[in-house]
Amino acid sequence: MTLAQKILKDHLVSGEMVPGSEIGIKIDQTLTQDATGTMAYLEFEAMGVPRVKTERSVAYIDHNTLQSGFENADDHRFIGSVCKKHGIYFSRPGNGICHQVHLERFGIPGKTLIGSDSHTPTGGGIGMIAIGAGGMDVAVAMGGGTYYITCPKIVKVELTGKLQPWVAAKDVILEVLRRLSVKGGVGKIIEYCGEGVKTLSVPERATITNMGAELGATTSIFPSDETTRMFLKAQGREEDYRPLSADEDAVYDEIVEINLSELVPLAACPHSPDNVKSVEEIGNLKIDQVCIGSCTNSSLLDMLKVAHILKGKTVHPDVSLSIAPGSKQVLNMLAENGALAILIDAGARILESACGPCIGMGQSPNSKGISLRTFNRNFEGRSGTKDGQIYLVSPEMAAVSALTGVLTDPRTIGDMPEFVLPEVFTINDNMIVPPAAEEEMESVEVLRGPNIQPFPVSGPLDDTIDAKCSLKVGDNITTDHIMPAGAKILPLRSNIPKISEYCFAVCDEKFHDRALELKKSIVVGGSNYGQGSSREHAALAPLYLGVKAVLVKSFARIHMANLINAGIIPMTFVDEQDYDRIDQMDELKIENVVQQIKAGTTLQITNVTKGFDFDVKVELSERQKEMLIAGGLLNYTRANA
């Protein structure tokens, strides 16, 4: 068996390990972050379970840390009080980015983890099955419920050779994205194997699994080996280690071969993580800004490389350089070993240990500005500047380019010293608050501010849907298009009525008003609809605005699950040419909806405006059908509690 199959089988609750069929797995750990966590905990409360039933659940504050009003602080206070009452560990603001901290302090090889953040697969760097999910799925898992996925195909990425000096782990995943595209991992787990694996540290492996989310993959995973043991030992957690690998005769659905020795420094060009080119192909590109950090590249190893490059030098006068260490542990150790002073001396702007610019929370580039970022996404407008030109690069390339003022190949700066992780990390978990003991739970008060509004509730599925197409969009619509982030909008994550005012604003600023006026409607889109962040708000805001169904050429995995969870019908074209026959504001009618969903995998739709019928696919498991008919996951869970 493959490594992924072994862990999935060990946690299998229902279904059979047949690719394409639905399986249910037991979840050992969960994580949330504050942009998705408030809603997840409101949903958990609605389930009526007094205490989480997982082995470990952790709530992180890392997204909405810019407190320009009361909203974020209120949400943090609410999450902290819920955690104390219901058995969840609480990572306070300033302790770091969820994926970096979880890798350091909580991740365990062979365990299952789901998180309400699409980059949860970072945990695959130490041999976990770590999957990004919607907040409602996380809430159910915290309550002891089974997590359901489509049994994935397994793609073997065979790594040979060793990275050349100044070529980075970021270049490995950019090469995978260049080959497979942002749709190439859908329905698959990416499993890294081969002799080249031994040459990569745990932080480097985590960089690669982190950006597996950009492939659309269910998750990515590395074996747990001696390198993993040494990392856990350095974190004071050697007892969590167990060796894990695929069987020698494991059979894979697909094999990709990458010789690490042949890779060169790469960059993902605007506006997609798979628009990958070499530095040579891009050419002499003048830059305005460099941002180093995010859950992809903010480890101690990354920061030490950056400090080495910047030592004794000054950032180019035309470039703004910001650096955000990924955790308090990383920041502490940089301060202790003198690297922090080097970064400051070079002219870097040191940001707090949080997501920051990656989710548009500050550091937006100038208009039409060219920004090099060590992040994982460069979707249009995500930076907070609509016409910003965002390139995704390694920390090494980012640091060198910050000095030269142009996109620069880091191999031009000479010999690279050997960077070695410490044998012992500085460990201080004083910013992680444990929950109250069971006997103290009743006395804990949950603190709610005025920004925390109830989440929208859907009723049972209507048997007839007669609604207009309120919006028609093209291919690769991201959840940033559907429900934008940024410093202005993120504080409203716990207030669905208010945040819905920005729904689809990137595509059509009039959508919100039009959808409210229509009261019920259908959204039509192209391929890979809903790629990107796991944010369930991209389903909850449309639900609040009356969207009954979404009809597209194909869906991204997490967003389709979130639509079903919300009680919105996810439909795909049988004949994609029918997409061209539908215009915005066409009236679309579906009759006998419940009976048709129960009966099979297709629905018939009438385009009343144009006068023709066409078929669409609604490919659901029996459980998903029942869930949709009930009006979503919460209604289904209550009915089957």
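1. At what angle do helix α2 and helix α5 pack, and how far apart are their axes? In this predicted model, helix α2 (residues 34-47) and helix α5 (residues 135-142) pack at an angle of about 45°, and their axes are 8 Å apart. Angles under 35 degrees count as roughly parallel and those from 65 to 115 as roughly perpendicular, and α2 and α5 are therefore oblique to each other. Their crossing is right-handed.

2. Which residues make this contact? From α2 come A40, Y41, E43, F44 and M47, and from α5 come G135, M136, A139, V140 and M142. By type, the residues of the contact of α2 with α5 are 8 nonpolar, 1 polar and 1 charged. A general point helps in reading such lists: an α-helix has 3.6 residues a turn, so residues three or four places apart point the same way.

3. Helix α2 appears again in the surroundings of helix α17, as one of the elements against which the buried residues of α17 pack. Helix α17 covers residues 537-544 and is mostly covered, with 7 of its 8 residues buried. The buried residues are H537, A538, A539, L540, A541, P542 and L543. Besides α2, they pack against α14, α15 (496-499), β23 (547-552) and α18 (557-566). Just after α17 comes G546, with a positive phi of about 90°.

4. Helix α10 (300-310) can be described in a similar way. It is mostly covered, 9 of its 11 residues being buried. These are L300, L301, D302, M303, K305, V306, A307, I309 and L310. The list of buried residues includes D302 and K305. The cover over the buried residues of α10 includes α7 (202-210), β15, β16 (320-323), α11 (328-337), α12 (339-346) and α13. After α10 comes G312, where phi is positive and near 75°.

5. How many salt bridges does the structure hold? The number is 29. One of them joins R105 and D429, with the closest N and O atoms 3.0 Å apart. R105 is in helix α4 (residues 98-105) and D429 is in the loop between α13 (395-404) and β20 (432-433), so this salt bridge ties together parts that are 324 residues apart in sequence. The two ends differ in their cover: R105 has 14% relative accessibility and counts as buried, whereas D429, at 33%, is partly exposed. The cut-off that places R105 among the buried residues is 20% relative accessible area.

6. A salt bridge also joins the side chains of R382 and D480, at 2.9 Å from N to O. This pair, too, links distant parts of the chain: R382 is in the loop between β18 (370-373) and β19 (389-392), D480 is in helix α14 (residues 479-482), and their positions lie 98 residues apart in the numbering. R382 is buried at 7% relative accessibility, and D480 is buried with a relative accessible area of 6%. Helix α14, which holds D480, is also among the elements packed by the buried residues of α17.

7. Are E195 and K198 buried or exposed? Both are exposed. Their side chains meet in a salt bridge, 3.4 Å from N to O. Elsewhere, E175, R178 and R179 are linked in a network of salt bridges.

8. The backbone has some features to look at. Most residues other than glycine have a negative phi, and most peptide bonds are trans. Where is the residue S294, whose phi is positive at about 80° although it is not a glycine? S294 is in the loop between β15 (289-292) and α10 (300-310), and it counts as buried at 2% relative accessibility. Q363 is also a residue other than glycine with a positive phi, near 60°. Q363 is placed in the loop between β17 (349-350) and β18. At 19% relative accessibility Q363 counts as buried, the cut-off being under 20%.

9. One peptide bond should be pointed out as well. P270 and H271 are joined by a cis peptide bond, with omega about -5°. H271 is in the loop between β13 (266-268) and β14 (276-278).

Key: Residues numbered from 1 in each chain as written. Predicted model: local features only at pLDDT ≥ 70, side-chain atom pairs only at ≥ 80, totals over all residues. Heavy atoms only, no water. Salt bridge = Lys/Arg side-chain N within 4 Å of Asp/Glu carboxyl O. Helix = DSSP H or I, 4+ residues; strand = E, 2+ residues; numbered from the N terminus. Buried < 20%, exposed > 50% of the residue type's maximum accessible area, 1.4 Å probe, protein only. Axes fitted to C-alpha atoms, helices over the stretch in contact; angles between N-to-C directions. Parallel < 35°, antiparallel > 145°, perpendicular 65-115°, else oblique. Left-handed = near helix turned anticlockwise from the far one by under 90°. Contact = heavy atoms within 4.5 Å. Nonpolar A, V, L, I, M, F, W, Y, C, P; charged D, E, K, R; others polar.
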